[in-house]
Every structure is written in C-alpha cells, then in structure tokens.
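I opened the notebook to record what I looked up in this structure, entry by entry.

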Amino acid sequence: LIPMSQHGSKGKASIHPAKRAAVRVGILGTGPLIVYYLDLGWAPILFCSTIALLWSILEVSLVYSVKLCRGFKKVPFPLRLLSALVLGVQACFFLPAGDVVKDGKDDAADSKNQQAPADSPGLGLREPPSADSIRTLSVVLPCATETGFVLRTVQSVFEATPDEELKEIIVIDDASHPPVAEDIGGLEKLEPFRARLIRHEVAEGLIRSKKEGGDAAQGDIIVFLDCHVKPIEGWTKSIISNLKENPKRAVVPLISSLDPDTWTESSPYGGNKMCMTWRADFFWCDQYPGPEIPIMSGGLLALTKYWWDMTGGLDEEMHAWGGENLDQSLRTWLCGGEIHVAKGSRVAHMWRDAAKPKTRLHYSIPTEHVRRNRMRAARAWMDDWAEKLLTFPEFEDFREGGNLHVGSLEKFDQERRQLKCKGFDWYIDKFKPYYLDTGALPPVIFNLKEAKSGLCIHHEFTDGKSSGFSMMPCGRNSELQRLHASNSWAGGGGCCSGIKVWDWDACLSSGGNVVHTSSCTLFGGNSNQHFSVDEDGLLVVGRARHGRSERCLIADTATAGSKPAGHVEFAPCADGKPGQKFVKNDEQADGSFELRDGDRCLTYAHDGEKKLESVPCDGVDASARRWTHMEGQLKNRGAQLCVDAGDGVRPILYPCYAAGTNSKQQYNFLSTGLIESPRTWADNGRLFYPSKCLDSQPQEKAKLSIVSCDVAKRDGHTWEKLWSAKPMETELYERIKGRRGFLGKREYE
C-alpha cells in the first residue's frame, strides 16, 4: 500500500486509515477476482492487477497531491470507489477472450507468436471487400478418375455462367487413371472453356485438392463443385448477390439430381441444408427454418476469396475425404461468418448408385482417414463436446492408449485466437431450433418399462441397420433401450412430440396398429411419430382429441414364447436377467474354470455344429465344461476350440483365429457375470452391430401393439421411466452456461 501523510489545510484531519485500506483492497482485489471468476487465465489477472495498481496511484495523486484536482476530494468516497471498480471490471471484460486457450490456461508457446502461419498469408483481420469489387468466379473441380464426366462438367459450367462473371475453371486432376488430359483428348480441349489443369502424379485426396484449387483461385468468388455436375441456367445470380451482401458468408445452391446417361436434370427437387450429429456425422435437414444452414454438405458451395484467405481455407492435415465440411462449416460460423441458402441457384448432381457402374467411385477412402478427419474437426471446434465422440465405437481407437491420433491442433488454436472465434456453446444457442427444440440436447434419457409385462422398449438392429422395436428384459446399461423425448411440434411449438432412441436416428412410428422405426421428423409435421406418456402412465399414440386420448401402446406378450431349456443364444445384455449370469467356479492353476449358472454348466453339444448349451454339471464330462479366457478368446479345454458368434444367433465352437483378428471370437467378462460379445461397426460407423450376451434362458421377443386407451388402462398397460439420467452433452451445456460470467460473457467471445 502507498503510505499517505497528513493532507489538507486549516487543521483538517486526514482520511481515516480504515477508509484508505478499504479503497485499496477494493481497487486492487476486484479486477483479479472478476477475471478469476470468468476463468480467463493468469495473463489477464496480471493485466487487471497492474491496471488497478496504477489507478490506485492515480487516485492518490489526484486527491492528495495535485492542486489542480483538489476539487475531486469533494466527490463522495463511495462514488470514487465505484468509479475505480467499474474501470477495473470493464478493462477485464473487454479483454479479447480469443487470446485465451480453450481450457483457460495460458499457452506460453503460442503466445510467443501471434502472427498468421507462414503457409496462410491471408489469415488475419482485414477489411472485407466492397460489394462492387465482388464480380468474378473461379470454379474449382476436384477430379479423381471421373472418366467421361470431366469435360461434360467443364462445358456445363462454362455454358451456364455469364461470360463477364467467369474468371476461370480450375480442374484438379488427383492422380486419375487415365489422366484427365488423356481422358478428354488433350489439354487443348479445356482452352475454349477458360479452364486450366493442375495434375497430381500421386493422389493427395479430395481435401488437399480443394485446398490447392482454392489457394490458386484468382476470382473474387471461389465456387467448389463436384466433377459430375451440371449447373442450371441462372445459377450464379443468387450466389453473387448473397456474397455481395456479406463477404463473410458461404452459400450453398440447391443440389438436385443429374441423369448421367442423358446429362439432364432428372428432378428439380433436392436439398442444401444439413445438421450435425453428436458423432460428427451429418444428415439432410432441409426443414430447418430460415435461410441459414447449420452444416454444409461440402461438395457444392461458394464463398469469397477474401473469406477463404481470412479463415485459412481448409485443414491441410486432413487426409483423403470426409470431415472437411464440418471443419469449414464450424470454422465459418464460429469465426464471424455465416452460411446461407443461395435461393434460386440450382446445380444438378450425379449421385452414386450401386446399380449403375458408371456412377461408382474409382478410388478408395480408408476408413481411418474419415474417422480421423471427423475427430480432428471435433477436437478443433467442438470444445469439450468432442469427448462425446469417444463414446461411439468407431472412435474408441482415439481414446488414450489407442492406435489412432488426430495430430497437432496448434494451427487451429492460432486461428481461433486470431479470428476471435466463439465457443461451441454459442453454436448450440445459435441453432436452438435444432439443438433445443428437437431434443438434440435431451434434458433426460431413460428406459421405458411396461408395468404389466415388466419388459422395456428395445431398439432392434438387423445387418447393421435399425430395423424396428420390440419388448425385451430391461437393461440399465443397454444403449438400445435408452430413449428421450424428441421432435418439435409443427409450426414451431417447441419440444417434444415424439420419442427417439438416444444417439440414433430412430423414432417410434405408428402405422395402423403396428409400431415400427423410421428416421425422426425432427422439425415436426409427422403425426405418425406423436408419442407421449400421459399423467395416467399410458403411452399415448397421436395427439389427444377433445381432451381424451384414443390410442395407446402396449406390450403384446401373446406373441412371445419360451425356448428349449439349455438353449444358449445371444440376447441383449440385461443385468440380473436369469440365464445371463455366469459365475467362474473351480479355477485351476492352469487358468481354466467352469462357468456355472446355478447347478448348470456351460458346455457344447457333441454334434457337427458344436453349439453352446447349458446342462446340469454332473452330466457333463469334466474337460468339456472347462474354459480359459485369454486375449479376449473363450476357449473350451476339452475341444480345444473357441466360442464363435457363428450366425449371430447361436454361438458355436470353432477353430481359434489368431487373437484379436476376428471380432466373432472376442468376449468380455463383465463384473455382473455377463459374457459379452462387444459391439462392432462398419462403414465409418453407419453400420452398427450392438453388443450381446450369452443367455442360457433366452425368450422370444414381445411385439408392440396399438389398442384403444380404454383397453390399455383397463388391463394395466401403464409405463414408467427407469434409470433417468442427464446425458453428457446436456451436462456440458448446462455447465458451460452456468460458468458464463459478467453480462453473460462466454469463453470465446
């Protein structure tokens, strides 16, 4: 504290020491406390402390030393104190939050270099171009063995684009076989269409091809199109007017369908809006209200050269294909830009069709690249929500100790600071009609149990795809039984009109008196997906009419039956279900043991198929009921064979594969006594094979039926929610909202 002597004249006493101490404690302490509460890190705390100290010195000099400011002494003490505190708070509040690393800690290495990376000369804050200066287009076509389509696409772009608007067409030949120049009959074929070629002798992938084309573009606007499209007359008008209106905008035309045989638009209808799932995948959501697009599909879009340079274009560390649309979309929204529909602009696109050989891909897309790209985009832009991806099987390899890694994210951190990008919670709030009004951030997830049958609604999968609903024994940890309210009411009535499976695009849907699954109509308008539990515990189908519900859902146990005793099958895992709890017994020094379920032992049938069965232990040869479990494989000591999933219904004994090479022979022993065949996936997670457990008392599935609510109530078909819990994505959102500080300031604003 600064010592003070007697001041004033004519015998006036000095200010009381307690008052002086209060002034200094308030001034010196408030600033640091504010920034600490806002979780801004130590650099701002030091800054605010220095500001407060200087203000304290200034106040002393003004009030007690400078004769010209003696009048300031007449200002009441509380007002002087309040002025000091306001200055300290505002100095901290207006600090650029983009200078702070995501976790609130100062990154010494990054703070040494606040300049744009050397390979991104345009990255940084500069004035946008005027509307009058945005006139010409560079069209970038990344092509990889698009035999027969390249020249037709180039010609279509040229013919549909006004001459004064087309600056150039850039064809990126990504190691095509045959090369594009050979396929089109020579480079001179491109010249009449104002096109030039960049050739890769070694494949770089779609993302790096687009990055190279965007960097090389000379027009005011960069348009990315696939190498198998036909723009429709007038397609540029809306694109140019949109970008003149806001140079920090990206726009997407309506993507319709192109017949590859006739090279004509087969249908004028299509889409241009996508939304993102929690597994960093995306789906068409053209019902999203307004002109804004949450996520671009990635193949067809336009943006100004200015905005491309400002945001760094695309992530060069992504490989091959996939995930770049997430990166570019989130980069745009979070860093000061926006994405709009280019209303009236239409581009016909050739869709891949397995039945038409000419439309098939002629290059491979390694799944590890796609998963890495998606995970990389999530780590870069989704903040703590990126942890959600690790709960999905296709991303388990990215967990600590896994064999896949996203690589360095330092460049993203630099871009976020330089562009003063917002946090992902801002994105959630921005797209409230999707995240909050459709139940994408569910307040609670639960199992739905019918009281009369004691069974729970269960989501079925067949051949890796969602295939319906049934009623099965309740499993607290079964991801196929976790549900939540979903779907907004039509007309913007908020959430929720239906019931959805957590983390899957699968909603309860009615058709006559039958219940099935279908893709969720998230933004309302589908009365077949109206389901809710009313105050009487009835599961009501559709909306109530005249104050009285008419149809209700019940478990039809008449369709369920029993199976032969000792019949071992795979069944959904359910803690506590009879027939699924196997106890290791009589463990020996060689690691072998028996697997008992009461007085019955797990063994196998001595027939050609060697199917597993459960029989009384005293009726089984000792070696046939002894097992070992090593490196995930469950091996029978007597037969010297391993348990194999076989047809996925009845497990069998089969010659052992090398450990870890075949998922059909991988089994986990869970602490609850379950023997689990772990979940697996394919097609980058779009095909899912849920976990299942050995069950010596399997039961037939019960169906769901729709009856009148009077009958349902009379017969006791009421429902209750079991094991209600708040999902991690919602917990994160509420935690972030809860720690927003002064005036609602967010971490990255």
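The entries below cover backbone geometry, strand pairing, cores and one helix residue.

**Entry 1, the model.** I note at the outset that this is a predicted model, and I read each value below as computed from it.

**Entry 2, a hairpin.** I began with β13 and β14, which pair in the antiparallel sense over eight bridges and form a hairpin with two residues between them. Within this pairing I found C456 opposite M472 in β14. The loop between β13 (455–462) and β14 (465–473) holds D463, whose phi is near 55 degrees, a positive value in a residue other than glycine. I wrote beside this that most residues other than glycine have a negative phi. Is D463 buried or exposed? Its relative accessible area is 66%, so D463 counts as exposed, the cut-off being over 50%.

**Entry 3, another positive phi.** I then turned to N684, a residue other than glycine with a positive phi near 55 degrees, and placed N684 in the loop between β33 (680–682) and β34 (687–689). Here the relative accessible area is 11%, and N684 is therefore buried, given that the cut-off is under 20%.

**Entry 4, cis peptide bonds.** I looked up the bond that joins H177 and P178 and found it cis, with omega about 0 degrees; P178 sits in the loop between β2 (166–174) and α6 (180–183). I also checked the peptide bond from C495 to C496, which is cis with omega near 10 degrees, and C496 belongs to strand β16 (residues 495–501). For context I added that most peptide bonds are trans.

**Entry 5, an open sheet.** In what order do the four strands of the open sheet run? I read the order as β22-β35-β32-β31, with antiparallel pairing. The edge strands are β22 (569–571) and β31 (668–669), each of which pairs on one side only. Looking further into this sheet, I found that strand β32 (residues 675–677) and strand β35 (residues 692–695) pair in the antiparallel sense over two bridges, and that the bridge partner of E676 in β35 is C693. A general reminder went into the margin: strands of a sheet pair through backbone hydrogen bonds.

**Entry 6, nonpolar cores.** Which residues have the most contacts inside the largest nonpolar core? That core has 102 residues, and those with the most contacts inside it are L225, W235, F424, Y427 and Y435. A second, separate core of 25 residues includes M471, L480, W504 and L508. I followed F424 further and, leaving aside its neighbours within four places in sequence, found F424 in contact with M276, W278, L330, L334, W381, M382, D383, W385 and Y435. I set this beside the general tendency, in soluble globular proteins, for nonpolar side chains to be buried together.

**Entry 7, a helix residue.** My last lookup was E212, found in helix α7 (residues 206–216). With a relative accessible area of 31%, E212 is partly exposed. Leaving aside its neighbours within four places in sequence, E212 is in contact with I198 and H200. I also noted V140, which is 72 residues from E212 along the chain, while the C-alpha atoms of E212 and V140 are separated by 9.4 Å.

Methods:
Residues numbered from 1 in each chain as written. Predicted model: local features only at pLDDT ≥ 70, side-chain atom pairs only at ≥ 80, totals over all residues. Heavy atoms only, no water. Pairing = 2+ DSSP bridges. Buried < 20%, exposed > 50% of the residue type's maximum accessible area, 1.4 Å probe, protein only. Core = buried A, V, L, I, M, F, W, Y, C linked by side-chain atoms within 4.5 Å. Contact = heavy atoms within 4.5 Å.
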